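Please look over the sequence and the fold shown here before reading on. The report that follows takes up hollow spaces, a helix and a sheet in turn.

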Amino acid sequence: MRRLLLLAFVFVPLVLSASPKYWIYLKNKDLNASPAVSALTLENRQKLGLILSDETDLPVKKEYEAALKGQSVNIINRSKWLNAVSANLTSEQAMKVRELDFVADVVMIDPGFYIARTQPIEKAQMAPVMSQVQANAFLKENITAKDVTIGVIDAGFYGADSSLSLSQVFSNKRILGVRDYVKPGRPGDLLFSTAESFSDMHGTEVLAAIAGIDYQDQVQYGMATNAKFYLARTDYSMREYRGEEDNWIAAMEWMDSLGVRLINTSLGYAKGFSDPRENYQPSQMDGKTSAISKAAQIASDKKGIMIIVSAGNEGDDKSWGIVSAPADAKGVLSVGATNGKLWNRIGYSSVGPEFLSYVKPNVSCFSLYGTSLSAPVITGFAACLLQANPQLSNKELISLIEKSSHLYPYGNNYIGYGVPQASRALALAKAPYLPNNSKLVTAKGRTCEVEVTSQDSMVAVYRKKNEKDVIAQQVAKVQNGKVSLKRQNNEKFTTIDLRDYVVEVQWN
């Protein structure tokens with residue numbers, strides 16, 4: 001199997017500084033202004049039964065921008081959704097801006113001091129996951145995401161135009177637009193030809209996991225091989241900092257203005273920032289606190305955008321362990337990672353916070369090297385479903401993918417509803433129902449034996465304190481067609497994962 005292009009780089013860490021970056025939240029908008037979106041965006045919303053436009057589509061007031069410039073404020077990004085702009089400010093400037101009568105709040109998002117660092121990214125072998133999600137079911141029906149447009153918000157896309165696995169994307173001119181929010185104004189083609197670190201290939205890997213195919217070796221890396229793309233670089237590979245969140249929001253609003261309905265972002269914000277003062281707290285992964293999660297929820301609820309997000313790679317980190325923003329937002333489809341054989345959670349994959357009332361991650365699939373590569377697999381999956389049924393709304397599409405997954409309806413905060421299955425998803429895209437692939441049994445006392453049909457001698461078992469939150473993930477033996485269970489303390493439900501179907505045990 002061919003791997004994506006990998007070059008070796010040597011980088012010297014640099015200590016850099018700048019004035020802190022702030023969000024400047026504004027009080028109101030010009031309600032007579034025209035919505036800053038395209039005709040295609042309005043057409044898509046009309047088809048989906050959404051409000052065509054509201055105040056979040058109106059641009060930031062020009063007179064406010066002019067007044068800020070009069071205070072020597074150089075605006076970096078504008079968010080019409082949040083009615084805010086971002087800018088680097090000195091402490092003196094921040095004080096003066098707070099006193100302006102049209103300013104609602106000034107919130108620091110980046111202290112402005114950091115140490116640049118980098119590390120290489122491994123390349124994944126994608127063939128196992130193609131089998132796991134039944135990619136051939138799409139190919140049999142000639143479904144390749146034709147006429148579907150996907151937005152990819154990521155770090156750099158270095159080498160994408162010369163990658164064998166992406167040659168069909170570039171030769172057929174299916175890159176519709178490129179923007180660099182890290183270095184605004186830089187020509188888009190430089191994203192493909194210049195790199196500062198290994199991370200500048202991250203977006204290339206993600207793009208290949210969505211749409212890659214190597215015709216020479218007959219290896220499929222992604223399912224959306226005929227999709228079109230808008231690409232945005234929002235992540236500066238030499239530094240980890242919250243200040244990139246406004247880049248991400250700006251990219252989202254740009255893609256929305258162009259009518260993009262499906263967006264992949266294999267980025268997440270939690271801890272590990274170059275400046276520890278920027279780290280979030282686990283309690284803030286509530287889908288409501290971070291600006292990036294607020295924007296993601298607006299995109300879902302008001303713009304009809306399907307956002308697919310990597311859940312995060314902090315599962316083994318005892319000080320964190322849970323999903324990162326914006327994977328915590330209720331309206332996004334967050335994707336975890338499984339092992340290849342048993343389809344249970346791979347250790348690094350972040351789990352959903354127990355304090356959330358909804359299941360996160362939503363679904364999962366195999367990825368040996370991070371949820372950054374499991375999310376784009378499911379993005380390709382979603383794009384194929386949009387070709388099969390373009391009338392699906394973002395929320396219908398999320399529901400369909402969840403229902404097609406192998407643990408449905410017994411999701412948990414380790415792998416969500418499990419691994420989406422293309423055969424089930426295609427059936428759901430054409431009809432509102434599926435054969436029941438689950439069974440609920442009731443157990444009394446401390447032990448029980450559950451009859452199962454399985455060709456495997458070992459199966460994954462999830463012991464849960466309630467309907468979604470896992471106490472422990474284990475492996476159980478299948479002996480004489482039965483799985484023997486001994487109830488743990490505080491265990492109320494047990495999920496037996498047989499891959500073809502799922503058994504839920506409710507303890508009384």
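A helix, in the sense used here, is a DSSP run of type H or I with at least four residues, a strand is a run of type E with at least two, and both are numbered from the N terminus. The model described here is a predicted one.

**Enclosed and open spaces**

The structure contains four cavities of 30 Å³ or more, and the second largest of them has a volume of about 50 Å³. Its lining is made up of T41, N44, R45, L48, D256, G259, V260, R261 and K303. Helix α1, which covers residues 39-47, gives the most to this lining, with three residues. By residue character, the lining of the second largest cavity divides into two nonpolar, three polar and four charged residues.

Turning from cavities to pockets, the second largest pocket holds about 490 Å³ of space. It is lined by 20 residues, and those closest to its centre are R78, R179, Y181, A250 and W254. Helices α2 (62-70) and α9 (245-257), together with strands β3 (75-79) and β8 (175-180), each supply at least two residues of the lining of this pocket. The table sets out the two spaces.

| Space | Volume | Residues of the lining |
|---|---|---|
| Second largest cavity | about 50 Å³ | two nonpolar, three polar, four charged |
| Second largest pocket | about 490 Å³ | eight nonpolar, four polar, eight charged |

**A covered helix**

How many of the residues of helix α8 (residues 202-211) are buried? The helix is mostly covered, and 10 of its 10 residues are buried, where buried means under 20% relative accessible area. Among these buried residues are H202 and E205, as well as V206, L207 and I210. The elements that cover the buried residues of α8 include the strands β7 (149-154), β9 (213-214), β11 (228-233) and β12 (262-265), and also the helices α6 (167-171) and α11 (371-388).

**A five-stranded sheet**

Further along the chain, five strands form an open sheet with mixed pairing, in the order β16-β22-β21-β18-β19. Its edge strands are β16 (438-443) and β19 (470-477), each of which pairs on one side only. From one strand to the next, the twist averages 20°. Within this sheet, in what sense do strands β18 and β21 pair? Strand β18 (residues 458-464) and strand β21 (residues 493-497) pair in the antiparallel sense, over five bridges, and A460 stands opposite D497 in β21.

Technical notes:
Residues are numbered from 1 along each chain as its sequence is written. This is a predicted model: local features need pLDDT of at least 70, side-chain atom pairs count only at pLDDT 80 or more; totals for chains, interfaces and linings use all residues. Side-chain values use heavy atoms; hydrogens and water are left out. On a 1 Å grid over the protein atoms alone, a cavity is a set of points where a 1.4 Å probe fits but cannot get out, and a pocket is an open set with protein on both sides within 12 Å along at least five of seven lines; lining residues have an atom within 4 Å of a point. Grid points are joined across faces, edges and corners, and a volume is the space filled by probe spheres set on the points. Ala, Val, Leu, Ile, Met, Phe, Trp, Tyr, Cys and Pro count as nonpolar, Asp, Glu, Lys and Arg as charged, and the others, Gly among them, as polar. Two strands pair if DSSP finds at least two bridges between them. Axes are lines fitted to C-alpha atoms, for helices over the stretch in contact, and angles run from 0 to 180 degrees between N-to-C directions. Buried means under 20% relative accessible area, exposed over 50%, partly exposed in between (1.4 Å probe, protein chains only). Contact means heavy atoms within 4.5 Å.
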